[in-house]
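Okay, thanks everyone, I'll keep this short. Let me put the structure up, and then we'll walk through one helix and the sheet.

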Amino acid sequence: YSSGYLTVPSVGAGTANTEFEVLSGMSLKFFGPGEYPYKTILQESTAESVNYNLKELGYSSHAIHNNKGTFYNRNFVFSQLGFDTFTSLEYMDIEEFNPNDWAKDYYLTDEILKSLDILDYKIPSQVQSRVIPVLIDKKDILVKSKTGTGKSAAFAIPICNKIKKLENKLKALIIVPTRELALQVKEEIEKIGRLKMIKCSVILGKEPLKNQILELKQGTNVIVATPGRMIDHISRGSVDLSDLDYFIIDEVDKMFTKGFETDINTIMKNIPNTSCKAFFSATVDNDLKEICNGYMKDYEYIEVDEEEILKNQIEEKYIKVEKQELKYDVLKNVLYKFKPETTIIFTNTKKQAEVLYENMKSEGFLVEQIHGDISQERRFYIIDSFKKHEFNILISSDIISRGTHIDDVSLVINY
């Protein structure tokens, strides 16, 4: 094979550039600047030997397959290696490395490492592996990543890692468009940060302001809030943002399509310039990028390749119905045929949800409905009951189409 080089940028202060050289006979060696080769990484054409020898050098390998490998050094993500000389590794498919090896490369604290282990976070998702090192370095980012990719943990891990144990200052503010998503993000923060006793407060509208002010006075590390109520607390002076390390907006595209732009502008004026800003969105168009340009300078744009997410695990079909009046019968036939353990049926309008719910309930289906006219407390109760399998069919408008995590849904129908 011919020789080839990969020059890797400096990975931090006091760290020299490195080079990997692929030599004849598949010998991959490690060089320091101006040094002779002192360590052979690859002597044989096996991915295992690459993994083992890289770790001896203080590196950990993420995976080597299909002629490519992604290597991590500390908190810097190396470029993918794509040498043609890796052809003899094509048949290998190495599993992801130990989560603690991955976590240590990002300088995570012992408490966070233990939490990840307890939570069984063995394999970082693509969005996590790309976002976490950037946020640990406190660089501004815009991330395009769909629901279900693990993006909540992608910002929760760096936030919890930064907060000191028993610290009593507000270090992170996370703005979300819905109550359901706020409660979900709070749960993620508390799970990851529990061994550091991180306090997370949810600040939502239509709840007693007095109780929220009292909670904030007692001290909190992270606030998850909807925009309107957050502005109430900023205007009252009941929240101190001066020590904020992270400002996160989740589902930022929904924020602006639902008319929250003025609210976001008001909040942004109170965010310290030193805070790291990270915006997450399922869709990103030029208009959204232009808006982000007004909020962040020199931000990094990360787009997650959705092809790798749940690959080959979701089967999609459409059913053509000749007449509108036959639609309900076709729906029932689908349920009878596939006998799913759990089903979510989405409708375009609240009225459709109500009519479908009444029809199915009258025929003995174990069904509940959720839409904007149902109280928030009732919505929380219904979603929790669905997660506990107390009924198996949930009819919903688009109120839970994004930002709500429900495990093990067998069938989703867009009605």
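So, start with helix H10, residues 261–268: its buried residues are Ile264, Ile267 and Met268. Why do they sit on the same side of H10? Because they cover an arc of only 95 degrees around the axis. That fits the textbook picture: an α-helix has 3.6 residues a turn, so residues three or four places apart point the same way. Bear in mind that this is a predicted model.

And what do the buried residues of H10 pack against? Three strands, for a start: E9 (172–175), E12 (246–249) and E13 (276–281). On the helix side, there's H8 (227–236), H9 (252–257) and H11 (286–295).

Now the sheet. Seven strands make it up, and it's an open one, with parallel pairing. Reading across, you get E10-E11-E9-E12-E13-E8-E14. At the edges are E10 (200–203) and E14 (300–303), each pairing on one side only. If you ignore direction, neighbouring strands are turned by 15 degrees against each other on average.

Let's zoom in on one pair. E9 and E11, the latter being residues 222–225, run parallel and are joined by four bridges. Within that pair, Ile175 stands opposite Ala225 in E11.

Then there are helices on the sheet. Helix H5, residues 151–162, packs on it and touches E9, E11, E12 and E13. Its direction makes about 165 degrees with that of E12. H11, which we met as a packing partner of H10's buried residues, lies across E8 (141–144), E13 and E14. Relative to E13, H11 runs at about 165 degrees.

Conventions
Residues numbered from 1 in each chain as written. Predicted model: local features only at pLDDT ≥ 70, side-chain atom pairs only at ≥ 80, totals over all residues. Heavy atoms only, no water. Buried < 20%, exposed > 50% of the residue type's maximum accessible area, 1.4 Å probe, protein only. Helix = DSSP H or I, 4+ residues; strand = E, 2+ residues; numbered from the N terminus. Arc of directions from axis to C-beta. Contact = heavy atoms within 4.5 Å. Pairing = 2+ DSSP bridges. Axes fitted to C-alpha atoms, helices over the stretch in contact; angles between N-to-C directions.
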